Amino acid sequence: MSGYGKNYQVIVVGAGHAGCEAALAAARMGCVTLLLTIGLDTVAQMSCNPSIGGLAKGHLVHEVDALGGEMGINIDVTGIQFRRLNTRKGPAVRAARAQADRMAYSTRMKNVIESELLLDLKQGLVDELLFDKGRVVGVRTREGISFYGETVVLTTGTFMRGLIHVGLNSYAGGRAGEPSAEGISGSLSGYGLRVGRLKTGTPARLSARSIDFSKLERQPGDKLIKPFSFMTNKIERKQVDCYIAETNEKTHQIIRDNLDKSPLFAGVIEGIGPRYCPSIEDKVVRFPDKKSHQSFIEPEGVRGSEMYPSGLSTSLPPDVQLAYFRSMTGFEKVEIMRPGYAIEYDFVEPLQLKASLETKSVMGLFHAGQINGTSGYEEAAGQGLLAGINAARQCQNKEPIVIGRDRGYLGVMVDDLITQPTTDPYRMFTSRSEYRLLLREDNADQRLTELGRKIGLVSDARWEKYLKKQEEVVAATHIIKTEIVTSSNREVVEKLELGVLKSGLSLEQLLRRPEINIKRLEEVLPKLGTFSAQALEQVEIAVKYEGYIKRQLEQVEKFREQEDIRIPADIAYDLIPSISTEVREKLKQTKPISLGHAARIQGVTPAAIAVIQIYLRKKYHG
């Protein structure tokens, strides 16, 4: 029994973005769930950038939402500026991004968690995992309280042996102002899990009243806001402005003159930092010919005065931070409210995970978020949702849910993590997906909502809305394919500037023309105006990109052929001839579940895959 006299089915450690999604998913699926956090006031804290979404990250948020997760709804309610990125490019890479009111985002998520009937939110710093005969059975807090559960989901963020660096001064902490969790790493290492070290950082927070915004380039939000959640009909609220600033040669010289005070260059930091989000001192050293670096100056909320200077994370001393900021135009009198810092933390190499995010060596133990070597709120939320789903399904004696690379960026991310070694914090990009035209933001519900309904996360209201949209897509597609424009339709011909028509053209044929979009057709054909913008967008993309989509679907079929060739768990790789010792060791370590899985393991050659395929056919299908 736990110190509170209650047994749990799912225990989630950490209430960041991964932990919140994991706990909500498990509870909504009917499991008695405990969410433990170091601080009740920092639930869903935005430790770094106060924003959600962005390139590829917006795709993850839409997928989390389509499955019944909370992040999309939360940002729709608490966002203070919304922007659509890559609007001039193809639909595969268009993405949503929003600034959040940092405190409002956290407060609302906490309220949602506290309202979930089967979910208990409690404060406690976990410093030990409890095991019994190869399975996790609970956790123990620093206060000496033991909580017992059938499964445990670790979403520890940067708290495992967190070490904060500000200049050459270092101190233990999970993030500024909060303690680190010192004992969990030892529990995991003691059970044979390989633990590594990574590094990330955050910039200083600046006082808005000390910035001369008249010298900066204003960046407003979109006039027409496109929501993140498929459940949000419309967002109509006053948006705040962001601003664009630039570093300069003087800024860079100040940084170069003080590199000896940077723990990154003084050899104090051992962990590997994010390749795609380097500190400003790292940028200055790596790109010596670059005269300036851009920074988006973003508000952290509508009531406070803190501003977030994106792209300027640092571990330099506070006085150096102040000096280089004051060298920038518009920041001559700037005041720092919180200094930037770097943080090192432990992660567990995700090659040790199953595709369900359960560890291979410990039954019932799931990992999600930065403990898996990833970066970003969106990556964390996606993993948290999947880990929570599979922890709940294990308690219910059901098979785990695994999303394939062909079905979602969630599947791409998990597959990358469990097949490729982690050399730096993992970040999602659209380029990571070989089927990105199929994995768009706009069709995330088509890809995943039926699955969410099947596993018990999609509410009746969401399901009814989804079905209505699909009905609209079918009906609108029928009109597009069957409605014919002839020379007798003079008004339509003139408005669409079709010239002389020798024969009739279907709306589908017209829509294939680059100069005609669904909006123009809607203007000349009022009946299309009865459908939602979301349904019409689906129809337009299906028509304009039909050939490309067909090719990717053919590629998916070939991909599935290898995925369908399962590799038995008891396969003896030592008995397979003609594969190298290196490949054999990689296969034994990773334990791929399919031939496709094996083919994506770094260092496993196509020749080795061919040999394994022949062996499987002879041995098991012979």
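Let's start with T449, which, leaving aside neighbours within four places in sequence, is in contact with A66, A444, V458, W463 and Y466. Contact here means heavy atoms within 4.5 Å. T449 sits in helix α11, residues 444-455. Helices are DSSP runs of H or I with at least four residues, strands are runs of E with at least two, and both are numbered from the N terminus. With a relative accessibility of 2%, T449 counts as buried. That word means under 20% relative accessible area, while exposed means over 50% and partly exposed is in between, using a 1.4 Å probe and protein chains only. One partner of T449 is W463: these two are 14 residues apart in sequence and 7.7 Å apart in space, C-alpha to C-alpha.

Before going on, keep in mind that this is a predicted model, where local features need pLDDT of at least 70, side-chain atom pairs count only at pLDDT 80 or more, and totals for chains, interfaces and linings use all residues. Residues are numbered from 1 along each chain as its sequence is written, and side-chain values use heavy atoms, with hydrogens and water left out.

Now step back to the whole chain. It holds 20 helices and 22 strands. Measuring along the principal axes, the C-alpha trace spans about 80 × 75 × 55 Å. A compact globule of 622 residues would have a radius of gyration near 25 Å, and the chain has 26 Å, so the two agree. (The radius is taken over C-alpha atoms, and the globule rule is 2.2 Å times the number of residues to the power 0.38.) Of the 622 residues, 57% count as buried. The accessible surface comes to about 26,800 Å², and 50% of that belongs to carbon and sulfur atoms. Such areas come from the Shrake-Rupley method with a 1.4 Å probe, and for residues only the protein chains shown count as cover. Among contacts with a separation of 6 or more, 73% are between residues 24 or more positions apart.

R440 gives you a case of a contact list that reaches across the sequence. You'll find R440 in the loop between α10 and α11, and at 5% relative accessibility it counts as buried. Its C-alpha atom is 9.8 Å from that of L60, though the two residues are 380 apart along the chain. Not counting neighbours within four places in sequence, R440 is in contact with H59, P91, A92, R447, Q538, I541 and I549.

Next, try E246, in strand β15 (residues 242-246). E246 counts as partly exposed, at 35% relative accessibility. Apart from residues up to four places away in sequence, E246 touches S292, H293, Q294 and M328. The C-alpha atoms of E246 and F296 are separated by 8.8 Å, with their positions 50 residues apart along the chain. D212 can be read in a similar way: the loop between β13 (205-207) and β14 (217-219) is where D212 is found. D212 is partly exposed at 29% relative accessibility, and its C-alpha atom lies 8.3 Å from that of K333, 121 residues apart along the chain.

How do two helices pack? Two packed helices are described by the angle between their axes and the distance between the axes. Take α9 (residues 377-395) and α10 (residues 409-419), which pack at an angle of about 90° with their axes 10 Å apart. The axes are lines fitted to C-alpha atoms, for helices over the stretch in contact, and angles run from 0 to 180 degrees between N-to-C directions. So α9 and α10 are roughly perpendicular to each other; that label covers 65 to 115 degrees, with under 35 roughly parallel, over 145 roughly antiparallel and the rest oblique. From α9 the contact uses E379, G382, Q383 and L386, and from α10 it uses L410, M413, V414 and L417. These residues divide into five nonpolar, two polar and one charged. Here Ala, Val, Leu, Ile, Met, Phe, Trp, Tyr, Cys and Pro count as nonpolar, Asp, Glu, Lys and Arg as charged, and the others, Gly among them, as polar.

Finally, look at two backbone angles. N86 has a phi near 60°, a positive value in a residue other than glycine. N86 is in the loop between β4 (79-85) and β5 (95-100), and is partly exposed, with a relative accessible area of 23%. L357 is not a glycine either, yet has a positive phi of about 75°. L357 belongs to the loop between β19 (341-348) and β20 (365-367), and is buried, with a relative accessible area of 1%.
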